[in-house]
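Welcome! Here is a short tour for anyone who likes to look closely at helix packing, cores and backbone details. Please have the viewer open as you read.

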Amino acid sequence: MATLWWVMLAASAVILTGVVGTALYALRPVRKEREFSTRKVLIGWGLVFPVVTLLALMGFAFLRGEQLLARADGAEGAIRANAEQWAWTFQYPGGQQTTHVLHVPAGEEFTVAITSADVIHSFWVPRLGGKMDAIPGKVNLLRLQADQPGIYRGICAEYCGIGHAHMMIEVRAHAPGDYSRALAAASDVPNDISPVLEQRPAPAGSIIARWADYLFDWLGIR
Amino acid sequence: MTSGPTNREALGLLAGFALWSLAFGLLYGAHGAICATGLLGETSARTVLIGLWLAVIAALAGLIPWLLHRLRTTRQELRFVRLASLTLAIIALGATAWIGLPVLTLSLC
Amino acid sequence: MSDARQNEALRLHHELEPLYSPPRTRFGFLAATNHTIIGVRFMVTAIAFFLVGGVLSMLIRAQLAGANTQFLDAEQYSQVFTMHGTVMMFLFAIPLIEGFALYMLPKLLGARDLAFPRLSAFGYWCYLLGGLILLAALLFGVAPDSGWFMYTPLSSKPYSPGINSDVWLLGVTVVEISAVCAAIEFTVTVLKVRAPGMSLGKMPLLAWYLWVTSAMMLIGFPPLILGSIMLEIERAFGLPFFDPTRGGDPLLWQHLFWLFGHPEVYIIFLPAAGIVSTILPVFARRPLVGYNWIVAALIAQAFISFGLWVHHMFTTGIPHLSLAFFSAASLLVVVPTAIQIFSWLATLLKGRPELSLPMLWIYGFFFNFVSGGLTGVMVAVVPFDWQVHDTHFVVAHLHYVLVGGFVFPVLAGLYYWTPQITGRRSDQGLGKLAFWLIFLGFNLTFFIMHLTGLLGMPRRVYTYAEGLGWEVPNLVSSIGGFILTIGFAVVLIDMLIQWRFAPHVTRNPWKAGSLEWAMATPVPAYNFASLPHVDQRDPLQADADLPARLASGQGYLAGVTSAGRRETLGVDGVTGTPEQVIILPGPTYLPLFAALAVVGVALCFLFSIYWGSVLLAGVFLGLALVWLWNTGLREDPAPVDVGGGRQLPLHPAAEQAPGWWGMMFTLVFDATLFASLLFGYLFLWTIAPHWPPPRFIEPSPLLAVTTIAALAASVAGGFLAARANRQGALAARQFWLLVAAGGGMLAAAGFVVVPTFLAPPPTEHAYAASVLMLSAYGALHAGLASIGALFVLVRCRSGFVSPLRNLDARNLSMFCTYAGVSGAMVVGAIHLMPLVGVP
């Protein structure tokens, strides 16, 4: 994915420079009309160039997309991720349950079966892969792998109400030997996960609200 | 419908991309129905989709010469709209080929 | 101009100006239907809403400037970001385009007004009042707060119990009504209301762009309007369209919304591209390269843009092959865009461009829009989108394409056309300062935002923790945001100073070739004292004397006819051959009253006063009938001498009257709404969970057959009445109109019976709710067909309808046919589907 990003970025920089550069170049004064075939420009640059580059990009995109899809058989050993306003709970094939924290084995693929109990949320652990929406009435499968043991931060990536910014996930990847022990030791007690989002009152907003109240009282509407 | 070339020419202008829209709707809709009902196996499903795709491409391939003929045999004041109709039909053929490409290679459901 | 011509021009001016102006009474301005006035109102109101949206964006940037900031809390922030998007998309961008088209189209096309001036006025009032509802909600602290795209179930009643979401649904729908009216008007106007000789190939490109945009609006808005109605009914009455526990599906909302939402952004972009295509050649001092190419690219882009919508839903778990169709189409749409860009570049290279103030903005457009387009290509790649969807990367992308692709060209247009609107020229220094502040401020705000998104910051979070590396980029964006705001303030100051103090300029200071420069500045209410004959693309280029000749009455339709009414010419859509004289209505308060009725319906619904909604809907229907009554003529008119040796019929006696095309395009809108309804029904049937429903409707083939027979009678009645009218068989005409009315009423009853007696309660399951919606649709149309038939009957008796003046009968026939065909499909969908069973 990173390679794709750098290639697209480089190509974009070249194209942007080309287009804006050409437009700026056109400002240079000329004595008589510049000679070139407008038809060739329109066909060559307007038609052929985009078609060829986009075809290549599309081919790559399809291939990569296919490689990332969840496997149909992954559903069996999947870890269930239930989203609700505003916390994630996880249910493991062995029957355990945790809140906020997701325990996974490092170095092997695992599948998350994602759904929601109320509104649409989205499960995303940026360093492990792409995101997948949690939709009530539907179970979406996401195939991920944490290459190294460690802690990976995840978030909810679809606006789900006023607690949206606080809906964090902490993925703990354990070395395969330690995994079953860690899972057995895990409890349903929600842990404090970092980073902490402080909740402080918002004075500006309450000032505005107070003055709005004064205005309405004065106008007699309330 | 009444006299005056407007109605007919307007239809000609839209014909090419109307077929493209048909292709898109058929492919997306058929695929959705196939995956939702699960009635067809992998190969027959893909065959159906490719068949629909090629059917519309064939229709466009038949439309283009007809539009070309209409362009050649018209009076001056209708040249522009008939040229535009032909151009759009050719572009629509390319566009239909393009959006059908996924059907050839990707996993089905 | 010679003395004789000058005197003649003055005489015509004194004749025409009072006729085309609103009444000079105290409240006369409320009755204005003149497109110049309404266009300016739209644009000024849109700019006012832009300022509101801008203030909201400043609140967002202030809140996000640092970690754990305590400026706004989560609830307030949710209202702020929702309203920022809603105001910018619905109350600024689209209305600005509408206002611009209202103002500009008749001038560009060489006409005196649009096809349906009262509709313009109605559209404005609906927009203003609908916008004020949303604004009031903001002031009262009950603004919508589920995001500008209002995903369900968050925006459904259980999770948004307050009035906030209802405000969005009803307010936006009222504003959308305004947009649809404008769309119908523009599609008909560009087709029919042009100067003689202006064939399709000689139309200014801006007219092509606006025409294609209007056609897109006709097809793009119905899914949103339908979705909004469905969600509002779900919230008010519990019909479970989007509730997965009762057969609904949250994804249905997303499909309906984005079916609108994606074409919406092209609807916003295309007029701006039209502005670029207009301004760039003028300052490059040569005609645009590739007119034909651009027309083809434009139409292709319009169609393809309807095939992109699921790219907003790449992370919803839809199968990869489905996603691939939309990814492919999203990449394909780049090609027509590229053709336009290279056409512009070729024009610049072939010409001798100068970097005037409008051109500075065009160059800014190139940089920003192309950047946005390139990030668009990136997000069209599905695996990449799986990373950046719902992060600030997308926020950066959308601002680059919307601000770069819309706001920059609009500002170019502002500086380009203000001499035409006000007759004055703006200050160069202030203008250049504004440009650099905005260009640099914009890029500072949003360029780094791509990085913010790649660092993992999601959208719509009211604050963020320390230590994630998001503080610096956000602070930079906020600083950039304030610079951007200062830049817009400078533009505002510049415009205010200019309109008050700047020196007057000669007409056509840019030496442009299009017809809006062929009139006096400031613009007279009647545009042209006489109408031009056009035989090439830039009429003013070859014929510098044209404005003087037109002003002194040497064109078509010079001055006021003996009948003392507003008139303009209608032409054949393709060839531009003059066909008819279009009678335009004068000022009237009807549009205002009708808009008040519509807004009244929405407000009553908002406060759950349902009987009030029904009552005011009836009032609206009455007003609509009065409106329609004030059309046409009571006697067969004689052809009118329009000058140039031509005699043309008045439009009530013409075959291709604007009203016929108006009905046609209204039915296109209606058919799209119906198609969206059928799509929703089929989607729920096949994809939504918890199907089949616990029970289906009682089978009733007799009812189905009766309803279809009644519909057939209505169709036959309308068709045969029109034919009888053409043959002058008055008794037969009356008979068939009564048949049509009776058939419509019986069919309506047949539809009403289904949800009342045969279907399970609509709150039980989405199936029953859909049956109710379909029945309501069928009943509404059958009922309207019936009322229409009776209306035409009364019109016949009052002498408005004759074999020559046959528009009423033909329009009725068209409507009855539509009601019949769509009604038959409703009957099939309701009565046959239970037999098919569930997949």
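The notes below go through helix packing, nonpolar cores and backbone geometry in turn. Please keep in mind that this is a predicted model. A good place to begin is the pair α3(C) and α7(C), whose axes lie 11 Å apart. From there you can move to the largest nonpolar core, to which α3(C) gives the most residues.

**Helix packing within chain C**

- Helix α3 of chain C spans residues 74-109 and helix α7 of chain C spans residues 250-284; the two pack at an angle of about 40°.
- Because an angle of about 40° falls outside the ranges for roughly parallel, perpendicular or antiparallel pairs, α3(C) counts as oblique to α7(C).
- The crossing of α3(C) past α7(C) is left-handed.
- On the α3(C) side, the contact is made by Met89(C), Phe90(C), Ala93(C), Ile94(C), Ile97(C) and Phe100(C).
- On the α7(C) side, the residues are Phe260(C), Glu264(C), Val265(C), Ile267(C), Ile268(C), Pro271(C) and Ile275(C).
- By class, this contact holds 12 nonpolar residues, no polar ones and 1 charged.

**Helix packing between chains A and C**

- Helix α2 of chain A (residues 38-68) and helix α10 of chain C (residues 334-350) cross at roughly 145°, and their axes come within 9 Å.
- Here the crossing is right-handed.
- Chain A contributes residues of α2(A) including Thr38(A), Trp45(A), Gly46(A), Pro50(A) and Leu54(A).
- From α10(C), the partners include Val334(C), Ile339(C), Phe342(C), Ser343(C) and Lys350(C).
- The residues of this contact divide into 13 nonpolar, 3 polar and 1 charged.
- Phe36(A) sits in the loop between α1 (2-25) and α2 of chain A, and it touches Val41(A), Ala346(C), Leu349(C) and Lys350(C), leaving out residues up to four places away in sequence.
- Is Phe36(A) buried or partly exposed? Its relative accessibility is 24%, so Phe36(A) counts as partly exposed.

**Nonpolar cores**

- The largest nonpolar core has 394 residues, and those with the most contacts inside it are Trp88(A), Phe123(A) and Trp208(C).
- The contribution of α3(C) to this core is 23 residues.
- Trp208(C) is in contact with Phe80(B) and, within chain C, with Leu200(C), Met203(C), Tyr291(C), Val295(C), Leu298(C) and Ile299(C), when neighbours within four places in sequence are left aside.
- A second, separate core has 6 residues, among them Leu12(C), Leu16(C), Ala525(C) and Ala529(C).

**Cis peptide bonds**

- Thr152(C) and Pro153(C) are joined by a cis peptide bond with omega about -5°.
- Pro153(C) belongs to the loop between α4 (117-139) and α5 (164-192) of chain C.
- Another cis peptide bond runs from Thr521(C) to Pro522(C), with omega near -10°.
- You will find Pro522(C) in the loop between α15 (471-501) and α16 (539-542) of chain C.

**Positive phi outside glycine**

- Asn68(C), which is not a glycine, has a positive phi near 55°.
- Asn68(C) lies in the loop between α2 (35-64) and α3 of chain C, and is buried at a relative accessible area of 5%.
- Met150(C) is not a glycine either, yet its phi is positive at about 50°.
- The loop between α4 and α5 of chain C holds Met150(C), and this residue is buried, with a relative accessible area of 0%.

Terms used:
Residues are numbered from 1 along each chain as its sequence is written. Chains are lettered from A and ligands numbered from 1 in the order in which they are written. This is a predicted model: local features need pLDDT of at least 70, side-chain atom pairs count only at pLDDT 80 or more; totals for chains, interfaces and linings use all residues. Side-chain values use heavy atoms; hydrogens and water are left out. Axes are lines fitted to C-alpha atoms, for helices over the stretch in contact, and angles run from 0 to 180 degrees between N-to-C directions. Helices (H or I, at least four residues) and strands (E, at least two) are DSSP runs, numbered from the N terminus. Angles under 35 degrees count as roughly parallel, over 145 as roughly antiparallel, 65 to 115 as roughly perpendicular and the rest as oblique. A crossing is left-handed if the near helix is turned anticlockwise from the far one by less than a right angle, and right-handed if clockwise. Contact means heavy atoms within 4.5 Å. Ala, Val, Leu, Ile, Met, Phe, Trp, Tyr, Cys and Pro count as nonpolar, Asp, Glu, Lys and Arg as charged, and the others, Gly among them, as polar. A nonpolar core is a set of buried Ala, Val, Leu, Ile, Met, Phe, Trp, Tyr and Cys residues joined through side-chain atoms within 4.5 Å. Buried means under 20% relative accessible area, exposed over 50%, partly exposed in between (1.4 Å probe, protein chains only).
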